[in-house]
Amino acid sequence: MKRTEIESYVEELVMPIIEEGNFELVDVEYVKEGANWYLRVYADKEGGITIDDCVTISRALEVQLDEKDLIPDAYILEVSSPGLGRQLKKEKDYQRSIGKEVEIKLYKARNKQKELEGILKDFDSDTFTITIDGEDTRFEKKEIAMMRLAVHF
């Protein structure tokens, strides 16, 4: 199985667990870091997800994964909150983030800058409109390497 197939498969397995607990599935990723494979499930809920919620999801998903046994590699399962600085990847992420400050990284510099911050104003299937220093700037989705909510401490 390819990485993307495993992610889709796990998403199908975890959705009933997510829906039953009134959680939101943010993302599923299957990645190799060093010698280890990690299967990460990011979930959230109104008011924030707790450690107990993560344990509930993890235990229920482990049973499903062990029963089906379709992932060929040994892996470490992690269920967690998406965190403050998580990447925005899906339409629902963008929709929820309209009006909020975002950081973007571009594949190629624009006006000698590859990293920019602004307010996500709008998006469609091909573009994002981000207000930077009071001015609306359009970016093609294919220009953007990464977008996430801006976090200031």
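**Exercise 1. Place Met147 in its strand and determine whether this residue is buried or exposed.**

Step 1. Met147 belongs to strand E8, which covers residues 144-149. Strands (E, at least two residues) and helices (H or I, at least four residues) are DSSP runs numbered from the N terminus. The model is predicted: local features need pLDDT of at least 70, side-chain atom pairs count only at pLDDT 80 or more, and totals for chains, interfaces and linings use all residues. Residues are numbered from 1 along each chain as its sequence is written, and side-chain values use heavy atoms, with hydrogens and water left out.

Step 2. The relative accessible area of Met147 is 3%, and therefore the residue is buried. Here buried means under 20% relative accessible area, exposed means over 50%, and partly exposed lies in between (1.4 Å probe, protein chains only).

Step 3. Contact means heavy atoms within 4.5 Å. Apart from neighbours within four places in sequence, Met147 contacts Arg86, Gln87, Leu88, Tyr94, Val102, Glu103, Ile104, Phe128 and Ile130.

Step 4. Glu117 is 30 residues from Met147 along the chain, and the C-alpha atoms of the two are separated by 9.6 Å.

**Exercise 2. Apply the same procedure to Thr129: which strand holds this residue, and what does Thr129 touch?**

Step 1. Thr129 is part of strand E6, residues 127-132.

Step 2. Thr129 counts as buried because its relative accessibility is 12%.

Step 3. When residues up to four places away in sequence are not counted, Thr129 touches Ile119, Leu120, Lys121, Asp122, Asp136, Thr137 and Arg138.

**Exercise 3. Describe the open sheet that contains E1, and the helices that lie across its strands.**

Step 1. The sheet has three strands in the order E1-E2-E3, and the pairing is mixed. Two strands pair if DSSP finds at least two bridges between them.

Step 2. E1 and E3 are the edge strands, each pairing on one side only.

Step 3. On average, neighbouring strands of this sheet are turned by 15° against each other, direction ignored. Axes are lines fitted to C-alpha atoms, for helices over the stretch in contact, and angles between N-to-C directions run from 0 to 180 degrees.

Step 4. Nine bridges join E1 and E2 in the antiparallel sense. The bridge partner of Leu25 is Ala43, in E2.

Step 5. H1 lies across E1 and E2 and runs at about 145° to E1. H2 lies across E2 and E3, at about 145° to E3.

**Exercise 4. Identify the largest nonpolar core and the elements that supply its residues.**

Step 1. A nonpolar core is a set of buried Ala, Val, Leu, Ile, Met, Phe, Trp, Tyr and Cys residues joined through side-chain atoms within 4.5 Å. The largest has 22 residues, and those with the most contacts inside it are Val10, Val14, Leu39, Val41, Ile57, Leu61 and Leu65.

Step 2. At least two residues of this core come from each of H1 (3-20), E1 (24-33), E2 (36-44), H2 (51-68) and E3 (75-80). H1 supplies the largest share, seven residues.

Step 3. A second, separate core has 14 residues, including Tyr94, Leu106, Phe123 and Ile132.

**Exercise 5. Summarise the protein chain: how many helices and strands are there?**

Step 1. The chain contains three helices and eight strands, in the sequence pattern α-β-β-α-β-α-β-β-β-β-β.

Step 2. Of its 153 residues, 37% count as buried.
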